[in-house]
Structures are given as structure tokens and as C-alpha cells.
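Here are some remarks on the structure shown below, set down point by point for a colleague who will want to check them against the coordinates. They begin with a question about side chains and then move outward to the chain as a whole.

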Amino acid sequence: MSGEKYFALDLYTGKIETPEGVPTDEVLEKSLLAQKDYSNYLFPEIFEAENEKFDKLHSLLFKEIGEKNVSGKIEFVEVNNTLLANYHYVNSKDKVTNKFFAVEKQKEKVIFNEVLNKSTEAYVPDSFFVHKNLLFLLKEKKEVMEFELK
């Protein structure tokens, strides 16, 4: 056993349902999470300016971001000829604004822009992901937006 503990949680009551004496590894093996195939999902990776692998992305990202005071990490996913990115910047009210944008890489043109959170206290990662040809955005922590990628 690895020392990690996993629990089954009842969705409706919030009660922990892991029976006494059942090894937590066994619970994990039987969970939906362990059986889910995530091969059709793309989750953002973190942009690292000092990594030369990101040289081309650097100009695409900062063409959109400009001189904004970025707070936290810049997240991105590349899908075919499109760069999907998410970043946070400090706004005029000393709060953080979360912005998503899409760039057609070949033309270096922004094709979509959306403020995901107008004013939050801090950096909130994981605001988007891609499943097959669908882009999912989490807006204002209460709305899920879905777009078909072509």
C-alpha cells in the first residue's frame, strides 16, 4: 500500500461510504475515476518563458497579453492550428481578472476572447479543457460554456 487513502463519497448525503476493512487501493481500482479513459481529453499545461520549447508560443501569447500585470501561471493547450490560452492579470481594482483567448497560430490572429472571471481575489487555475472537439470554459465559477472546435 502506498499510504494514500481513497474514499467513496455518497453524492447525495456527503457521507464517506468506504466500508471498514476494505483496502483503499481496492476502492480506487473500482472507482469510476480509475476506470475512466482520459485519452480524448486535453488539459492545459503551464507556459514556461525560459523553456526554448515555448519560443514560438511566447510571441503568440504576449501579442495578446501585452503589458498586463500577469498574476499566476499562463495555461495553454494547442489543438491543430489553434492555441487556446488562459491567464490572470491584476485589474484596476487590485483584483484579478481571468481571461481566455484563442489564436489561429498560422495567421497569428486572435479568433476568440472571453473574460472568464471579472474580479476574483486570486489566481484560479484549470478554467478550461478540451474533450475530443469540444472546448469547455468555466465562467464566473457558475457557468460552463461549450464550443465546438473546427
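1. Along E7, which side chains point to one face and are buried, and which point to the other and are not? In this predicted model, Phe 128 and Val 130 share the buried face, whereas Phe 129 and His 131 are directed to the other face and do not count as buried. The general expectation is that side chains in a regular strand alternate between the two faces of the sheet. For a reader who wishes to check the assignment, buried here means under 20% relative accessible area.

2. The strand just described belongs to an open sheet of 4 strands, whose order is E1-E7-E8-E9 and whose pairing is antiparallel. At the edges stand strand E1, residues 41-42, and strand E9, residues 143-148, each of which pairs on one side only. As a general matter, strands of a sheet pair through backbone hydrogen bonds, in either a parallel or an antiparallel arrangement.

3. Two pairings of E7 deserve to be read together, since both involve Val 130. Strand E1 pairs with E7 in the antiparallel sense over 2 bridges, and Leu 42 has Val 130 as its bridge partner in E7. Toward strand E8 (residues 134-139), strand E7 (residues 128-131) is joined by 4 bridges, again with the strands running antiparallel. Here Val 130 has Leu 135 as its bridge partner, while Phe 129 stands opposite Phe 136 in E8. Val 130, one of the buried residues of E7, therefore has a bridge partner in E1 as well as in E8.

4. The hairpin of E7 and E8 has 2 residues between its strands, and within this hairpin Lys 132 takes a positive phi near 55°. A second hairpin is formed by E5 and E6, with 4 residues between them, and Glu 108 in its turn has a positive phi of about 55°. The strands E5 and E6 pair in the antiparallel sense over 8 bridges, and Lys 99 stands opposite Val 115 in E6.

5. Two further residues with positive phi lie in loops and may merit a look during validation. Asn 80, which is not a glycine, has a positive phi of about 50° and is found in the loop between strand E3 (75-79) and E4; with a relative accessibility of 71%, Asn 80 counts as exposed. Asp 94, likewise not a glycine, has a positive phi of about 60° and sits in the loop between E4 and strand E5 (96-104); its relative accessibility of 68% places Asp 94 among exposed residues.

6. Turning to enclosed space, the count comes to 1 cavity of 30 Å³ or more, and about 70 Å³ of space lies in the largest cavity. Its lining includes Asn 98, Leu 116 and Asn 117, together with the run Val 124, Pro 125, Asp 126 and Ser 127, and also Leu 138, Glu 140 and Lys 141. By class, this lining divides into 4 nonpolar, 3 polar and 3 charged residues.

7. The largest pocket holds about 240 Å³ of space. Among the 13 residues that line this pocket, those closest to its centre are Thr 82, Ile 111, Glu 148, Leu 149 and Lys 150. Strand E4 (82-90), strand E6 (109-120) and E9 each contribute at least two residues to the lining, and the class composition of that lining is 8 nonpolar, 3 polar and 2 charged residues.

8. For the chain as a whole, there are 3 helices and 9 strands, which follow one another along the sequence in the pattern α-α-β-β-α-β-β-β-β-β-β-β. Of the 150 residues, 31% count as buried, and the accessible surface of the chain comes to about 10,300 Å², with 51% of it belonging to carbon and sulfur atoms. Among contacts between residues at least 6 apart in sequence, 37% join residues at least 24 apart.

How values were computed
Residues numbered from 1 in each chain as written. Predicted model: local features only at pLDDT ≥ 70, side-chain atom pairs only at ≥ 80, totals over all residues. Heavy atoms only, no water. Pairing = 2+ DSSP bridges. 1 Å grid on protein atoms, 1.4 Å probe; cavity = no way out; pocket = protein on both sides within 12 Å on 5 of 7 lines; lining within 4 Å. Points joined across faces, edges and corners; volume = space filled by probe spheres on them. Nonpolar A, V, L, I, M, F, W, Y, C, P; charged D, E, K, R; others polar. Buried < 20%, exposed > 50% of the residue type's maximum accessible area, 1.4 Å probe, protein only. Contact = heavy atoms within 4.5 Å. Areas by Shrake-Rupley, 256 points an atom, 1.4 Å probe, with all protein chains shown as cover.
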